[in-house]
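The exercises below are to be worked with the sequence and the model side by side. Each one sets a task and then goes through its solution step by step.

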Amino acid sequence: MKTLKALALLLLFAVMVTKLVAATEAPLRPPAVPLVACDPYFSIWSQADKLSDVGTTHWTGKPQRLTSLVRIDGKSFRVMGAEPAAVPALPQTDLKVLPTRTVYTFEGEGVQLRLTFMTATLPDDLEILSRPVTYLTWIVNATDGKTHSVAVYFDSAAELVVNDPAQAVVWSEEKVEGLAVLKMGSKDQSVLGRKGDDLRIDWGYLYTAAPAGQSACHVVASGASCQGAFVQGGSLPEAMDTRQPRAANDEMPVAAIVFRPAQVAPKGTAFSLILAYDDLHSIQYMKQNLRPYWRRNGAEAADLLKAAAHEWQALEIRTGAFDKSLMDDLTKAGGAKYAKLCALAYRQCFAAGKFVADANGQPLQFCKENHSNGCISTSDVFYPMSPQFLLFGPTVTKAFLVPFMNYAASERWKFPFAPHDLGTYPKANGQIYGDGERGVNNQMPVEESGNLLLLMGALAQMEGNANFAGLYWPVLEKWAEYLIEKGFDPENQLCTDDFAGHLAHNVNLSAKAICGLGAFAKLCEMRGDKAKAAEYQKLAKEFAIRWAKEADDGDHYRLAFDKPGTWSQKYNMMWDRILGLNLFPAEVLRKELDYYRKIQNKYGLPLDNRKEYTKLDWITWTATLTQQRADFEALIDPIFVFMNETPDRSPLTDWYQTKTAKKVGFTARPVIGGVFAQMLYDKAVWKKYASRDTTKAAGWAPMPESKPVTLKEIVPTAQAKPVAWRYTFEQPSGDWFKPDFKADGWKEGPAGFGTKGTPGAVVRTEWSTADIWMCREFDMPEKKLADPRLFIHHDESAEIYINGVLAAQVPDFITEYEAVEIQPAAKAALKPGKNLFAVHCHQTTGGQYIDVGLMDGVPGTASAVPVGPPPGLRKLMDTPLRDPSICRGPDGTYYLTGMSEPFWGFNNENGIRVWKSKDLAAWVMPPHDISLSCRKSTCPAMNRSPCWHIPSWIAHYQYPARYPADHGRSVSETKRRMRSSRKCWARLRTCSQGRISISAATNVRRSAGSVARCARPK
């Protein structure tokens, strides 16, 4: 595959990169370096100065090891990864991060080695941008005028294909023309089976591929054996390891390739490799599983690999030209430091989301709220992310707006303001933040409505028309009307900086509303409605004049209208000039920037006067307000110092302390795309990039309908009455799940099985060991079921078989019965008459439970979800409460915990609150209420807390004995869902002198866990 022409192109590219980098100044030491940057699951980083100092990791920090070794004249050296530790590292002499590639340079033993990671994130070509492919190229040349024998080794570990290293993996060699290919994936392939934040993919397959002519050998075997064989003799084990499936952490399997040794002279030699990940289905949107965009026309993994190999040379040229052009324009717009900041942010932003295809084959983009709470398509996340997308054209911009706007315009969203999110990644099935679709608590009405009006205005400015906005005009009109009523002087509500808590009369939020109204006026004008345009323009201008007067605090403008002596960044005002609204006088912006330059700290400008922390993305917006280069560089330079000096080695954070450079929270989030805001001021540059859009997407499919379904019981669970099962606590031999297995010696007892106090459990037979195996015969009717589903309550992970065929695997634990889809093969195995359930459940710690039944999903009419609290509840307290949860302690007392105003402060006395109740009726405040911070990022997210996480509005009301059934699972059977097990009590315990101590998970932005620990007595 490698011709002389290809080699020449690679060497030409290397020279291009060297010259490009040499032309800039200010060396950057990234906090972490992007290596593979494709999507939230295929995202691998090096968290060290040198590639050989540490093992590579997923963006979450969990190990996902890539290893590369070289043999130079028979001596072995490490170039990537910390293992084998006994092998010395080839000295690293340089590191450069460019928009589409990362380039490491090593020198020693008379050779120079340049290792390049290239992800072809070309935004003008969505076919290429959406591919989950990263190219690795080793270019080696002699530096001493001699010829050297060089061999290169690479392996990718099984950690890349599982969420937990204890999960089993399988592998094979694949036949793809012109390539040597190794395939690896999880054994169980639970496609889209998990949702949440701190997760790694455990479905789909990783492909490690090299040109067939370059591969001397390639196998899957243990990492130790592969690396050892190369170090000793430059080879690999002779045969593929056949011991599979096996756990990823059981003699860690790796996909290893050794390239044919080359005689390297000064002119250089290149070795090349492709890493790709086919995730089969990527996103669930309104219960419909969507394929990645590159698969929209039926392409499979082999097609992906062939295309990637065939277009490699062309992509080297295209990405090289793109990097040079963008770096030149960034440097011109903001200087060398700004260019390097944007280069580091570029792939991180795109890799925090996924492009998929809708039913019409049109692109939808779903961003993930990494290291906040794992929400998907969050408005106040794609709002700061938007400058990077807006810069590169209408297709990528509309791709993230369409799924959100279709949901907002649907009958499901009943509020006069914009939604917050579409669910939890990768399942975009409806808002989960705050009260979700049920009520208004902890919504962000002004924030989200302003965000969408501004983004629609920016898109219209890019395209020169408001046609796209016209598709959603009734919704946009409603949001504009809401901003007229509520926007100028916002009520006590959250904004995107929700970690700082609710704030009334928020001046910066008011500026967003004013600009949002100005943007709507511009949209009206573009649509030909001159009268309405004049009306809204006049109103926005009047608001801006009032704003300048009522927010004035002498030499700056306030944080809140009613709080003299305060200040905040007014980053939302950026749109006034970008969109040409001309609402705020230039002297307003001048006064603010003068003030900011006086008060900023070593590592940046704080967000506002309340804390010393800041948001990196917002600084880069604030820096643009005057469009004076001195102002811009004055605010950008401290960010550059922060990146070089922060002690936290993780993908770029957007939330850090301005005096210590320590990360507060948030890692690898897409909001970092906001650093491209400066580029939107130059209309010629904006047009240059946006006009390159070759996809020109249009004609999106309607939002999939979530058809109402009524569940009809077919095989009962233990909820209503005892159901007999055979069971054993001892590991059975053979195929215990097959119908012909003889369960001799197994006991018989009624379900459910578990320990008392497990939430939602109906324990009739005690099970307290690590594992239980169960089987049960059941009868099926003659009539074929419409949509059979398992009905399960599991704590913890379980696997369920029907007639010997795997029906489902369910990870972790839940706190109530849920319907679970049956895999097609198991659904087909169901037959009239006798059938067999076989179940294995594994327990690690805390409460435990397992029970399984069968339901049939029958299309029907679902009752509307009522807004607000269930009827008949009596108000309990006036304290606003966020992220409430209830635990029951061993003393029989129920403890209600939550975050009260002001939220998220460090060691504040008004943060975490604890109430207690003996009967869920009368709640009282304990005499000792202690608030602690959790600075070391050790607190789990609430969605992993075993305590009952309840809707915020319930916490404000007393609990009746039962809730009406039509209020759904979150409010039914209250008392049965209280936890008294040690799993919960480890997080909420009574300490000395009766103190209750709750610690806020300040490293998690939303749905953060209230995690208890004992306090040292004062």
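A salt bridge is a side-chain nitrogen of Lys or Arg within 4 Å of a carboxyl oxygen of Asp or Glu. The model is predicted, so local features need pLDDT of at least 70 and side-chain atom pairs count only at pLDDT 80 or more, while totals for chains, interfaces and linings use all residues. Residues are numbered from 1 along each chain as its sequence is written, and side-chain values use heavy atoms, with hydrogens and water left out.

**Exercise 1.** Find which residue forms a salt bridge with Arg649, and work out which parts the pair ties together.

*Solution.* Begin at Arg649, whose salt-bridge partner is Asp49, with the closest N and O atoms 2.9 Å apart. Next, place both residues: Arg649 lies in the loop between α17 (629–645) and β25 (655–657), and Asp49 in the loop between β2 (43–46) and β3 (57–58), so the pair ties together parts that are 600 residues apart in sequence. Helices (H or I, at least four residues) and strands (E, at least two) are DSSP runs, numbered from the N terminus.

**Exercise 2.** Decide whether Asp608 and its salt-bridge partner Arg610 are buried or exposed.

*Solution.* Buried means under 20% relative accessible area, exposed over 50%, and partly exposed in between (1.4 Å probe, protein chains only). Asp608, with a relative accessible area of 6%, is therefore buried, whereas Arg610, with 33%, is partly exposed. The closest N and O atoms of this pair are 2.8 Å apart.
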